[in-house]
Every structure is written in structure tokens, then in C-alpha cells.
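Q: Could you take a close look at one helix pair in this model and walk me through how the two pack? A word on any unusual backbone spots elsewhere would be welcome too.

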Amino acid sequence: MEKVAIVILNWNGVKMMRRFLPGVLRYSIAPVYVADNASTDESLSFLASNFPQVRTIILDRNYGFAEGYNRALSEIEAEYYVLLNSDVEITDEWLSPLLDFMEQHPTVAACQPKILSQQNHAMFEYAGASGGFIDSLGYPYCRGRIFNTLEKDDGQYDTALPVFWATGAAMMVRSSVYREVGGLDGRFFAHMEEIDFCWRLRSRGYGVMCVPSSCVYHVGGGTLPQKNPRKTFLNFRNNLLMLYKNLPDEQLLRVMLLRVLLDFIAALQFLLKGESDSCAAVFKAHYAFYKMRKSFVRSRYENRRKSVLKAIPEQWPQSILWEYYAKGKKKYSVLRHK
């Protein structure tokens with residue numbers, strides 16, 4: 001069994017692999033796999049011609065981020081998996097700090113590096129920044145990024161600390177625990193699946209960490225742009241599914257009712273900005289959630305039965321919406337975290 005396997009899930013990403021795969025191979029002391037989600041571009045021929053040392057796993061159709069990784073990782077024997085987006089630029093010695101940390105902390109199941117913008121190395125990047133959190137209503141945010149406000153990296157978040165979730169853009173995870181908790185939820189297809197996954201890890205007593213001594217640079221939005229209605233649909237639907245799967249019984253009804261109200265307000269804001277497709281995507285997301293909810297009953301029961309933490313310390317018991325919009329607190333450092 002290999003110690004570490006770096007796994008890049010690819011779907012029509014030949015341009016990104018052309019830019020960033022050489023660096024992954026140059027700076028990584030681990031075998032590199034590319035799992036191809038039935039690409040229709042020249043991804044596979046490009047790999048065969050230019051990087052025959054890369055091991056390929058060819059999937060028969062596009063399973064999305066979550067199930068694509070599940071199927072690919074089921075074919076790889078390694079103690080640690082590194083899930084790495086194709087649009088990530090890595091640096092020398094990026095992998096060693098992650099591996100060293102995991103080896104020294106056996107109760108930690110997953111960790112991420114510090115994620116900075118590939119376009120502007122001085123700024124944090126949206127998808128993960130320096131570690132992810134959620135608030136009492138399930139809204140995700142990061143150390144270094146709250147909603148669309150990105151902070152400059154001045155070393156203010158360079159300490160390793162426990163987080164609620166680690167980004168799927170660059171995540172190291174113990175393979176044994178990945179299998180134990182069921183991996184990513186393939187029904188999500190894409191978006192929010194790593195937060196749901198880390199919620200299961202934390203509720204079952206495993207640690208999730210950010211290790212900023214490792215740093216990578218992420219392009220972001222390579223598959224779906226930020227304002228794409230499909231992304232809006234997946235984010236809203238999957239956030240509801242995640243809450244339904246994981247919230248304690250005593251919180252479920254209150255939070256879900258509040259989210260209905262808040263999501264309809266978000267839909268109205270899209271409409272007022274002239275983004276009618278995104279407005280419609282919110283309503284479609286709620287309809288899809290209610291259609292899918294019954295199929296998640298068993299998952300919810302299993303998650304609650306296996307939970308060993310009554311409350312997850314990294315879930316902020318307040319509202320990030322209120323702090324951000326009403327109080328103007330747009331930096332992680334000004335929030336009253338424990």
C-alpha cells in the first residue's frame with residue numbers, strides 16, 4: 001500500500017492540467033492519479049502523450065465531484081488520499097507539512113493547506129481560504145473569506161487550528177476513515193459535499209484541521225462560474241440536504257423553517273438584480289430538496305445514531321448573516337469565535 005496518493009478528478013480540464021499538472025509532478029513525493037469523468041476534450045490523449053507516468057482511472061460517465069471521487073478512490077490503495085483540483089498551483093514542500101501533521105495527530109481525519117488566489121497570490125481564495133466553518137443556520141464561511149469578501153493574506157491566519165470543514169480543492173484524508181464514514185455523498189453531485197463529509201467526521205469525533213504551513217494557489221470557478229444558475233441550484237439544494245442529514249433533532253425544524261424564509265429573500269434579491277435564472281434556481285432547489293428528502297431519511301438516522309458530539313465546537317452558534325450584513329463584520333478576525 002502506498003503512503004499517499006494524489007488524485008485529480010478531471011472533466012474537460014485539459015487546459016488546467018496543461019498549466020498545473022507539471023508542477024504537481026515536480027513538487028510531489030507521491031504518485032499522481034487522474035480520474036477522468038468521461039471528458040469529451042483531449043484530456044486523455046494529452047496525458048498519454050505528455051505524462052505517461054500519471055496513472056489514469058477512466059470513468060464511464062460524468063459522475064460529478066462526489067461520486068466521481070468515490071469511484072476513483074475505491075480503486076486506489078493508499079493510507080492517505082489527497083483530493084486535488086486540476087486548477088491548483090502547488091509549491092515546493094506543500095505536501096510534507098500535511099503528511100507530517102496527519103502522522104503526528106492520529107485522531108485528525110482530514111486537513112487542508114492554506115488556499116490563496118492563483119490570480120493574486122496576496123489574497124485568500126474563495127474555496128477554503130485558511131479553513132472552513134459554518135454558522136447556526138448552515139451558512140459556510142472561512143478564515144479569510146466571509147461570503148464574497150476576501151481578505152489579504154498578511155500571515156494573520158498562519159496558525160494550525162481545528163476547522164469545521166476542509167476544502168475539496170486540496171484535502172488530505174485518511175483512507176480508512178473516508179471509507180468508514182461512507183465517503184462523499186454522490187447524491188450531491190457537486191458543491192457542499194466536502195462540508196457534509198466533514199460534518200460527519202466531526203460529529204463522530206474525528207478532527208479536521210487547516211495546516212497553513214502548507215500553501216497552494218487555486219484558480220476557482222473552473223467548472224462553473226460563480227453566477228452560473230446551475231451552481232446556484234446545487235449550492236442551495238445541497239445546503240438543505242446537508243442540514244437535513246446532519247442537524248440534531250432539536251434544531252432541525254427551526255433551522256429549516258428559517259432557511260425557507262432566508263432563501264426566498266435571497267431569490268428576491270437575485271430577481272431585483274436582474275438575475276432571473278438564479279432566482280428560479282433557488283425555487284427549483286427547494287422543490288428538488290423536498291422531492292429528495294425521503295431518500296435521505298436513512299442517512300439522517302445513521303448520522304445521528306453514530307454522532308458522539310452533542311455540539312461541534314467549530315460550528316458558530318450565531319448568525320454569520322447578521323454579523324456580516326447588520327453589523328458589518330466582514331473579517332473572520334473580528335468575529336467572536338472561541
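A: Sure. Keep in mind that this is a predicted model. Let's start with a backbone oddity: His-191 is partly exposed, its relative accessible area being 21%. Buried would need a value under 20%. You'll find His-191 in the loop that runs between α5 (175-180) and α6 (193-203), and its phi is near 80°, a positive value in a residue that isn't glycine.

Ala-129 also has a positive phi without being glycine, this one near 40°. Ala-129 sits in the loop between β6 (108-117) and β7 (132-134), and it counts as buried because its relative accessibility is 0%.

Now for the helix pair. Two packed helices are described by the angle between their axes and the distance between those axes. Here the partners are α8, residues 249-272, and α9, residues 276-292; they pack at about 155°, and their axes are 6 Å apart. That angle makes α8 roughly antiparallel to α9, since anything over 145 degrees falls in that class. As for handedness, α8 and α9 cross in a left-handed way.

Who touches whom? On the α8 side, the contact is made by Met-256, Arg-259, Val-260, Asp-263, Phe-264, Ala-267, Phe-270 and Leu-271. Facing them from α9 are Ser-276, Ser-278, Cys-279, Val-282, Phe-283, His-286, Phe-289 and Tyr-290. Sorted by class, this α8–α9 contact has eleven nonpolar residues, three polar ones and two charged ones.

Note on methods
Residues numbered from 1 in each chain as written. Predicted model: local features only at pLDDT ≥ 70, side-chain atom pairs only at ≥ 80, totals over all residues. Heavy atoms only, no water. Axes fitted to C-alpha atoms, helices over the stretch in contact; angles between N-to-C directions. Helix = DSSP H or I, 4+ residues; strand = E, 2+ residues; numbered from the N terminus. Parallel < 35°, antiparallel > 145°, perpendicular 65-115°, else oblique. Left-handed = near helix turned anticlockwise from the far one by under 90°. Contact = heavy atoms within 4.5 Å. Nonpolar A, V, L, I, M, F, W, Y, C, P; charged D, E, K, R; others polar. Buried < 20%, exposed > 50% of the residue type's maximum accessible area, 1.4 Å probe, protein only.
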